[in-house]
Amino acid sequence: MKNKEKRIETAMIHNDEKTGKYDGSLTTPIFQTSTFSFSSAAEGERRFAGEEEGYIYTRLGNPTVRTLENRIATLEGGDRGLAFASGMAAVSAVLIALTKAGDHVLCSNGLYGCTYGLLKMFEEKYAITHDFSYMETEEDVKAKITPDTRCIFIETPINPTMKIIDLAMVARVAKEHGIPVVVDNTFCTPYLQRPLDLGCDIVLHSATKYIGGHGDVIAGLVVGKKEFMDDLAMAQQKDIGGVLSPFDAWLLLRGLKTLHVRMDRHSINALDLAKRLDNHPKVKHVYYPGMEGNEQFNIVEKQMKTGGGVLAFEIEGGKKEAQQFMDRLHLIQIAVSLGDAETLIQHPATMTHAVVPEEKRQEMGITDTLIRLSAGLESVEDIWEDLNQSLEEG
Ligand SMILES: Cc1ncc(COP(=O)(O)O)c(C=O)c1O
């Protein structure tokens with residue numbers, strides 16, 4: 001049975017490699033090597049010429065990394081996957097591959113702060129402009145497409161405001177204009193959302209988050225069609241070089257084996273916390289699209305398995321009150337990142353999105369009392385007691 005025929009929970013765990021490969025080792029070995037020796041000069045020549053399959057040098061490919069790349073390609077339903085040294089290495093590789101000086105990128109109205117920073121840098125250095133849109137309707141998308149638009153770049157849910165974008169609808173409009181749609185699927189993973197099935201073209205991840213799952217690795221992944229991915233490997237990986245190490249690839253393979261179990265629990269905890277926060281008199285607003293009553297719940301039902309493990313909320317007051325609320329927590333860790341076993345809380349306005357200018361932040365809905373919480377795998381009662389005692393004391 002090939003991986004493509006397995007259900008997603010099984011495909012996360014099993015290699016498509018033959019049993020017995022690598023002396024029967026159950027887990028993929030870590031090929032901690034920078035280079036690979038050739039049996040002859042002629043073999044080296046053939047490999048460099050692309051006439052023969054085989055490894056050359058770890059920046060160009062490595063068996064541990066390749067196993068991970070094949071695994072994520074299967075899980076996302078794409079032709080080929082590539083692993084990068086960080087989520088930002090993946091984001092930058094894709095954006096560099098799709099654009100040249102003078103082009104335009106249409107983005108979701110809300111992006112991870114460093115993706116925003118990268119686009120600002122593109123604008124200043126290469127006159128690659130960008131626009132933002134909530135893409136609520138086909139007309140919204142069409143209105144922001146220009147003759148120079150070379151890519152639509154979407155986060156959904158948007159970090160950190162948790163707004164949702166209808167991927168099938170955007171993909172439909174983009175197809176009419178011949179523009180590729182890139183989805184940052186970090187918050188969902190292929191277990192909750194498969195953008196390629198919805199008509200999008202490229203999917204990428206900060207695998208640092210749920211895919212790694214244990215807060216011990218920085219990594220990025222990209223999946224797409226063969227032609228684009230082959231170009232990405234040659235131009236971005238070979239020549240720019242932000243590749244993943246074999247050990248880090250091994251950590252991600254290990255993380256993937258439990259991803260579905262963890263995502264289910266993260267989602268259950270997040271929904272429970274969202275409901276309790278929503279009922280607390282000191283909480284002004286809760287942003288969790290997977291909660292019934294949320295205005296975008298219908299899109300969640302259509303394209304996601306659950307609402308995921310991240311939520312955001314606002315309390316009364318300003319920056320001072322938000323910071324004091326966080327400082328009163330004991331169990332919950334004040335830290336950026338998400339998708340770890342520990343519940344993490346952060347203040348986007350002064351942390352992950354501090355690079356976004358104040359005016360733009362406000363426009364994106366990142367107020368001074370917006371707090372983002374990544375629900376961990378602890379007992380939800382313990383997480384709630386910690387949140388509640390801090391709310392009560394405030
Ligand atoms: C949605 C999203 N995309 C990309 C990144 C960047 O990933 P990394 O930190 O692995 O470079 C992050 C990091 O927080 C993120 O949240």
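## A two-domain chain, piece by piece

The domain assignment splits this chain into domain 1, made of residues 8–30 and 61–256, and domain 2, made of residues 259–393. What you are looking at is a predicted model. Let's walk through how the two domains meet, how one pair of helices packs, and where the backbone does something unusual.

**How the domains meet**

- Start with the spacing: 24 Å separates the C-alpha centre of domain 1 from that of domain 2.
- Domain 1 brings 41 residues to the contact, and domain 2 brings 41 residues too.
- Between them, domain 1 and domain 2 bury an area of about 3,500 Å², and carbon and sulfur atoms give 63% of that area.
- How many salt bridges does the rule find across the interface of domain 1 and domain 2? There is 1.

**A salt bridge to find**

- Look for Lys-302 and Asp-166, whose side chains form a salt bridge.
- The distance from N to O in this pair is 2.6 Å.

**Two helices side by side**

- Helix H3 covers residues 63–76 and helix H10 covers residues 246–257.
- The axes of H3 and H10 are 8 Å apart, and the angle between the helices is about 35 degrees.
- Is the crossing of H3 and H10 left-handed or right-handed? It is left-handed.
- On the H3 side, the contact is made by Thr-64, Val-65, Thr-67, Leu-68, Arg-71 and Leu-75.
- H10 answers with Pro-246, Ala-249, Trp-250, Leu-252, Leu-253 and Leu-256.
- Sorted by type, the residues of this contact between H3 and H10 are 9 nonpolar, 2 polar and 1 charged.

**Backbone spots worth a look**

- Here is some background: most peptide bonds are trans, and most residues other than glycine have a negative phi.
- Thr-156 and Pro-157 are joined by a cis peptide bond, with omega at about 0 degrees.
- Asn-159 and Pro-160 are also linked by a cis peptide bond, this one with an omega of about 5 degrees.
- Where should you look for these prolines? Pro-157 sits in the loop that runs between strand S4 (149–155) and helix H7 (167–177), and Pro-160 is likewise in the loop between S4 and H7.
- Tyr-22 is not a glycine, yet its phi is positive, at about 55 degrees.
- You can find Tyr-22 in the loop between helix H1 (8–11) and helix H2 (41–48).

Notes:
Residues numbered from 1 in each chain as written. Predicted model: local features only at pLDDT ≥ 70, side-chain atom pairs only at ≥ 80, totals over all residues. Heavy atoms only, no water. Axes fitted to C-alpha atoms, helices over the stretch in contact; angles between N-to-C directions. Helix = DSSP H or I, 4+ residues; strand = E, 2+ residues; numbered from the N terminus. Left-handed = near helix turned anticlockwise from the far one by under 90°. Contact = heavy atoms within 4.5 Å. Nonpolar A, V, L, I, M, F, W, Y, C, P; charged D, E, K, R; others polar. Domains from an automatic or database assignment. Buried area = accessible area lost by both parts, 1.4 Å probe. Salt bridge = Lys/Arg side-chain N within 4 Å of Asp/Glu carboxyl O.
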